Amino acid sequence: MCTVTFLPSEKGAMIVSNRDERHDRAQALEPASYKFRNGSLVFPKDPEAGGTWIVMHENKNAGVLLNGAHEPHESKPPYRRSRGLILLDIIQEEFPVEGFQNISLQGIEPFTAIIWTANTLFECIWDGQEKHLLQLDHERPHIWSSVTLYNKPVRDQRKAWLKAWLISNPEPDLQEIISFHQFAGEGDVKNDLLMNRDNDLFTVSITGMQVSDDHAEMVYLDFRNGKTANFQLNFKQSLLTRS
């Protein structure tokens, strides 16, 4: 939930997320399909709160979460509800942007949600006091890094890495952008995309989604157990398969 890349594809979009967590955080459950009131959602689950940082819906909506808003904030728990549960609340709505606009966020820690819906890209930010909604250009790449972990020079540097990588890889597929998330950097283990800060805080997983007109795919790399999971979602039949 700490580094997110969006790339347009020929028939939709690709979204990839690195999750950076402390060593004592419970290991997430690999992606699975869960029934909600408005259909099936596929996501890796945080076993502590039951929420997630990345999710795709059988109605073609998809979303990913980053901690923090525009600027670093002081965490003041307890909070009313997990941000990962808020993401599920938003994405299961037919119109998730309206879900963001209508949901009460008082008592929720600041976050940034990147929402893909109806072939449109939105950035939904809650700064602890106000909501901020911005429609982004879905025909060009974007990269975000959580302000709670990465200062502006590092965030700008990562934008430069992506720009340079795309010059050499102008039409990447999902596996290639996942590889970028795994290997991009300059040898600074504390700030490379696959990061490690004294084995206390490190990248625990990479999750990639590709959403097109008739299907979606989620690939999950869990670095704690060395396993990879893959889900295919067929929109025409609302059929989920696991491999």
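## Questions on a predicted model

Me: Which residues does Tyr79 touch, not counting residues up to four places away in sequence?
Reply: First the ground rules: this is a predicted model, where local features need pLDDT of at least 70, side-chain atom pairs count only at pLDDT 80 or more, and totals for chains, interfaces and linings use all residues. Residues are numbered from 1 along each chain as its sequence is written, and side-chain values use heavy atoms, with hydrogens and water left out. A contact means heavy atoms within 4.5 Å. With residues up to four places away in sequence set aside, Tyr79 touches Glu74, Gly107, Ile108 and Glu109.

Me: What is the relative accessibility of Tyr79?
Reply: Tyr79 is in the loop between strand 6 (62-67) and helix 1 (83-91); helices (H or I, at least four residues) and strands (E, at least two) are DSSP runs, numbered from the N terminus. Buried means under 20% relative accessible area, exposed over 50%, and partly exposed in between (1.4 Å probe, protein chains only). Tyr79 counts as partly exposed because its relative accessibility is 27%.

Me: Which residue has its backbone nitrogen reached by the side chain of Tyr79?
Reply: Think polar contact here: a pair of N or O atoms within 3.5 Å, where within protein one must be able to donate a hydrogen and the other to accept it, and residues adjacent in sequence count only if both atoms are side-chain atoms. The Tyr79 side chain has one at 2.7 Å, and the backbone nitrogen belongs to Lys76.

Me: Which peptide bond is cis, with omega near 5 degrees?
Reply: Most peptide bonds are trans, and most residues other than glycine have a negative phi. Pro78, in the loop between strand 6 and helix 1, goes the other way at its N-terminal peptide bond. With omega near 5 degrees, the cis bond is the one from Pro77 to Pro78.

Me: What is the phi of Lys60?
Reply: Lys60 belongs to the loop between strand 5 (54-57) and strand 6. Lys60 is partly exposed, given a relative accessibility of 36%. Phi is positive here, in a residue other than glycine, and lies near 85 degrees.

Me: And what is the phi of Asn119?
Reply: Asn119 is placed in the loop between strand 7 (111-117) and strand 8 (120-126). A relative accessible area of 43% makes Asn119 partly exposed. Though not a glycine, Asn119 has a positive phi of about 55 degrees.

Me: Is Leu7 buried or exposed?
Reply: Leu7 is part of strand 1. Setting aside neighbours within four places in sequence, Leu7 has contacts that include Ala13, Leu166, Pro172 and Ile177. Its relative accessible area is 2%, so Leu7 is buried.

Me: How far apart in space are Leu7 and Arg140, C-alpha to C-alpha?
Reply: Pro141 is among the contacts of Leu7. Arg140 is 133 residues from Leu7 in sequence, yet the C-alpha to C-alpha separation is 6.7 Å.

Me: Which residues of helix 4 (residues 174-183) are buried?
Reply: What covers them includes strand 1 (3-9), strand 2 (12-22), strand 10 (142-145), helix 3 (152-168), strand 12 (201-211) and strand 13 (215-222). The buried residues of helix 4 are Leu174, Ile177, Ile178, Phe180 and His181. They share one side of helix 4, because the arc they cover around the axis is only 150 degrees; the arc is that of the directions from the helix axis to the C-beta atoms. So, once more, the names are Leu174, Ile177, Ile178, Phe180 and His181.

Me: At what angle do the axes of helix 3 and helix 4 cross?
Reply: Axes are lines fitted to C-alpha atoms, for helices over the stretch in contact, and angles run from 0 to 180 degrees between N-to-C directions. The two axes come within 12 Å and cross at roughly 140 degrees. That makes helix 3 oblique to helix 4; under 35 degrees is roughly parallel, over 145 roughly antiparallel, 65 to 115 roughly perpendicular, and the rest oblique. The angle, again, is roughly 140 degrees.

Me: Which residues of helix 3 and helix 4 make the contact?
Reply: Leu7 in strand 1 also touches Ile177, one of the residues involved. The full cast is Trp161, Leu162 and Trp165 of helix 3 and, from helix 4, Glu176, Ile177 and Phe180.
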